[in-house]
Structures are given as structure tokens and as C-alpha cells.
Amino acid sequence: MEFINVSLKDGLKMAEEKEKYRLIDVRETYRYEKEHLKGAVNRPYGILKQEDYNEKKDLIVYCDFGGQSMMAARHLAKEGFRVYNIVGGVYYHLEEWKDS
């Protein structure tokens, strides 16, 4: 299974459907704590918690520039998840979309 690349705008639109998707920030915890997208949970490097497996939601992953989330998306897709990767990351867009 492969992952699907999406734009930030499309990924955020999808993430509004909380019953279907889980928005995951795969950056280190200190970066997440500084600022993150509204509704995102922190799973550094795409290492999931048991609750993520239990919910059986599709995953939307992001990082600052896209590389880290692409690696996490590849790994999670191999584990059997349907994964959407926000292409190019969110570094330049966090001011506009972050959780206040």
C-alpha cells in the first residue's frame, strides 16, 4: 500500500472530518509544543500509540518541509494504514493555520 500526497489546503479540509481522519504532526515534541495545526496530535517520526490503532482512521501526516512526513507516511502505509502526506510541509503556513 502506498500513501497519497495532498496539499495543505486539501489535508486541512479532510481533517475537518474528525470521525474519518486523524491529523498527525510527526515532528519532534518540542516543535509540536511550540506550534502545530489545529486538531493535530503529536506522533514524532510517525510512531503511533495504541489509540491510533484502535480508532482505525485514515491518517494525514505533516512536518515542517515534507521529508519527515514522507518517510512516516511510507512506514505507516506499509503497516496497512491509508495515509495522506501533506506535500511540502507546513513551515511557511503555520502562522495562518496553527492552533492558538
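**View 1. Phe-65 sits in the loop between strand E4 (58-62) and helix H4 (67-78).** In this predicted model, Phe-65 joins Tyr-91 and Tyr-92 in a nonpolar patch on the surface. Together, these three residues have about 400 Å² of accessible area. If you are following the chain, look for Phe-65 after strand E4 and before helix H4.

**View 2. Five strands make an open sheet with parallel pairing.** Reading across the sheet, the order is E1-E5-E4-E2-E3. Strand E1 (4-6) and strand E3 (41-42) are the edge strands; each has a single partner, so one side of each is left without a neighbour in the sheet. As a general reminder, strands of a sheet pair through backbone hydrogen bonds, in either a parallel or an antiparallel way.

**View 3. Strands E4 and E5 run parallel and are joined by 3 bridges.** Strand E5 covers residues 83-86. Here you can find Val-61 standing opposite Asn-85, which belongs to E5.

**View 4. A salt bridge connects Glu-51 and Arg-22.** The closest N and O atoms of this pair are 3.5 Å apart. Glu-51 belongs to helix H3 (residues 50-55) and Arg-22 to strand E2, so the pair links distant parts of the chain, 29 residues apart. For the wider picture, the model has a count of 10 salt bridges.

**View 5. The largest pocket holds about 360 Å³ of space.** Its lining is made of 15 residues, and the closest to the pocket centre are Ala-15, Glu-16, Lys-18, Lys-38 and Gly-39. Helix H1 (8-15) and strand E2 (21-25) each contribute at least two residues to the lining, and H1 gives the largest share, with 4 residues. What kinds of residues make up the lining of the largest pocket? They divide into 8 charged, 6 nonpolar and 1 polar.

Notes: Residues numbered from 1 in each chain as written. Predicted model: local features only at pLDDT ≥ 70, side-chain atom pairs only at ≥ 80, totals over all residues. Heavy atoms only, no water. 1 Å grid on protein atoms, 1.4 Å probe; cavity = no way out; pocket = protein on both sides within 12 Å on 5 of 7 lines; lining within 4 Å. Points joined across faces, edges and corners; volume = space filled by probe spheres on them. Nonpolar A, V, L, I, M, F, W, Y, C, P; charged D, E, K, R; others polar. Patch = residues over 30% accessible without salt bridge, like charges linked within 9 Å, V, L, I, M, F, W, Y side chains within 5 Å. Areas by Shrake-Rupley, 256 points an atom, 1.4 Å probe, with all protein chains shown as cover. Salt bridge = Lys/Arg side-chain N within 4 Å of Asp/Glu carboxyl O. Pairing = 2+ DSSP bridges.
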